[in-house]
Amino acid sequence: MFVLWLACRPQLSSPGTASAPEASDPPVEPTMSTGATVPGCDVDEIEPNGFGDPATPLGLDDRGCGTIGEAGDTDHWTVAVDFEGWLSLQVSAASIGSPANLRLVLDGPEGDSDRGSQGVGQSPDPYLLVPAVPGSWTAALDEESGRGGVGYAYEVIASEAKEPGIWTASEVEPNNAVGDAMAVGTGDVIYGELDRLDLDFFAVEAPPGPGVDLTISAAAYGLGSPGIFELVAYGEDLETLGRADGGLDGALDPSLSLHLEGGATATIQILEQSAQSGPLYWYLLSVEGP
Ligand SMILES: [Ca+2]
Ligand SMILES: [Ca+2]
Ligand SMILES: [Ca+2]
């Protein structure tokens, strides 16, 4: 106990030997800064924080706590991002026993042009993982059915995060027409973004021989992308060979099984189901087969 107390005790400087604290020094008063009133929270929302009101600042890795306190309440939080990389926003509501079915809309420094959301339908608590640039990001949280009340609590944490997976190559633009489709093959995992006014096509060719069975998948929403994608495969005469969408509630990632005759080429287009797009709308397209 005594040793522990010594280890936690703030270092005192002797007169005449004072020096600037080193960057690795722990904060001297770690319990004093935030004024949060809920145990376990680093910062409470500051109402009013609706449209046109100041957003509540949320530090990276801080646990922010709020409540959809009345019908129609929308809470805005602002996150200062000082890195170029991946930003995650994890919202917890149902998972902490709250009745709130939350929707999260995230706006990057460019405003509407880099907006993305999660939380449609009866999906679980929203989670966004997006490629981020430095600047001020704003998260808006509301209850999808417009309900609210004292018990409609939630927590939100913004963090610098790891990229969503491993890919073998990035999409090569322009791939905006069938004739400009990016060639892909078995074993490829392609990182792509469906940007504003963007069309993305990929071409896969079967080797000569008896033909192959392929599975084309797009991992996205389930890993934190705002994009709910569908895949459409076209044959050489632009006939539709197959299609896979995001499931009944639109919140699954598509996977398309395809048989190609030997030497045949299929062109795959990836589309967002409600025509949403932008730099946050990333996906990982994978091609599996023999
Ligand atoms: Ca609120
Ligand atoms: Ca693209
Ligand atoms: Ca494109």
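**Figure 1. Tyrosine 283 and its contacts.** Beyond residues up to four places away in sequence, tyrosine 283 touches Gly192, Ala218, Ala219, Ala220, Ser225, Gly227, Phe229 and Ile270. Please keep in mind, here and in the views that follow, that this is a predicted model. Tyr283 also belongs to the largest nonpolar core, a group of 58 residues. Together with Ala139, Ala218, Leu231 and Ile270, Tyr283 is among the residues with the most contacts inside that core. Strand S20 supplies the largest share of the core, five residues. Where does this core lie? Domain 1 (34–161) and domain 2 (169–288) both contribute residues, so the core sits between them.

**Figure 2. Strand S20 and its two partners.** Is strand S20 mostly buried or exposed? Of its seven residues, 282–288, six are buried, so the strand is largely enclosed by the rest of the structure. Strand S13 (residues 189–193) runs antiparallel to S20, and five bridges join the two. If you would like to trace this pairing, look for valine 189, whose bridge partner in S20 is serine 286, and for glutamate 193, which is bridged to tryptophan 282. Strand S15 (residues 212–219) pairs with S20 as well, again antiparallel and over five bridges. For this pairing, a handy landmark is isoleucine 216, with valine 287 as its bridge partner in S20.

**Figure 3. The two faces of strand S13.** Ile190 and Gly192 make up the covered face of S13, while Val189, Tyr191 and Glu193 make up the uncovered one. In a regular strand, side chains alternate between the two faces of the sheet. S13 also pairs with strand S11 (residues 169–170), in the parallel sense and over two bridges. Which residue of S13 is the bridge partner of alanine 169? The partner is isoleucine 190, a residue of the covered face.

**Figure 4. Glycine 235 in its loop.** Strand S16 (229–234) and strand S17 (240–244) are linked by the loop that holds glycine 235. This glycine is partly exposed, because 15 other C-beta atoms lie within 10 Å. Setting aside neighbours within four places in sequence, glycine 235 makes contact with Leu241 and Ala266. Alanine 203 is 32 residues away along the chain, and 10.0 Å separates its C-alpha atom from that of glycine 235.

**Figure 5. An open sheet of five strands.** Here the strands follow the order S1-S3-S10-S5-S8, with mixed pairing. Which strands are at the edges? They are strand S1 (43–44) and strand S8 (127–132), each of which pairs on one side only. S1 runs parallel to strand S3 (residues 63–67), and two bridges join them. To find this pairing, start from valine 43, whose bridge partner in S3 is glycine 64.

**Figure 6. Two cis peptide bonds and two positive phi values.** Most residues other than glycine have a negative phi, and most peptide bonds are trans. The peptide bond from glutamate 47 to proline 48 is cis, with omega near 0°, and proline 48 is placed in the loop between S1 and strand S2 (56–57). Another cis bond, from glutamate 173 to proline 174, also has omega near 0°; proline 174 is in the loop between S11 and strand S12 (182–184). Leucine 197 has a positive phi, near 60°, and belongs to the loop between S13 and strand S14 (200–205). This leucine is exposed, because just 8 other C-beta atoms lie within 10 Å. Alanine 275, in the loop between strand S19 (265–272) and S20, likewise has a phi near 60°. With 7 other C-beta atoms within 10 Å, alanine 275 is exposed.

**Figure 7. The whole chain and its confidence.** One helix and 20 strands make up the secondary structure of the protein. Of its 290 residues, 34% count as buried. Among contacts with a separation of 6 or more, 68% are between residues 24 or more positions apart. The mean pLDDT is 87, and 83% of the residues reach 70 or more. Residues 1–35 have pLDDT below 50, and this stretch has four contacts in the model beyond near neighbours in sequence. Where pLDDT is low, the predicted coordinates should not be read in detail.

Methods. Residues numbered from 1 in each chain as written. Chains lettered and ligands numbered in written order. Predicted model: local features only at pLDDT ≥ 70, side-chain atom pairs only at ≥ 80, totals over all residues. Buried ≥ 20, exposed ≤ 12 C-beta atoms within 10 Å, placed from the backbone. Helix = DSSP H or I, 4+ residues; strand = E, 2+ residues; numbered from the N terminus. Pairing = 2+ DSSP bridges. Core = buried A, V, L, I, M, F, W, Y, C linked by C-beta atoms within 7 Å. Domains from an automatic or database assignment. Contact = placed C-beta atoms within 7 Å. pLDDT = per-residue confidence, 0-100.
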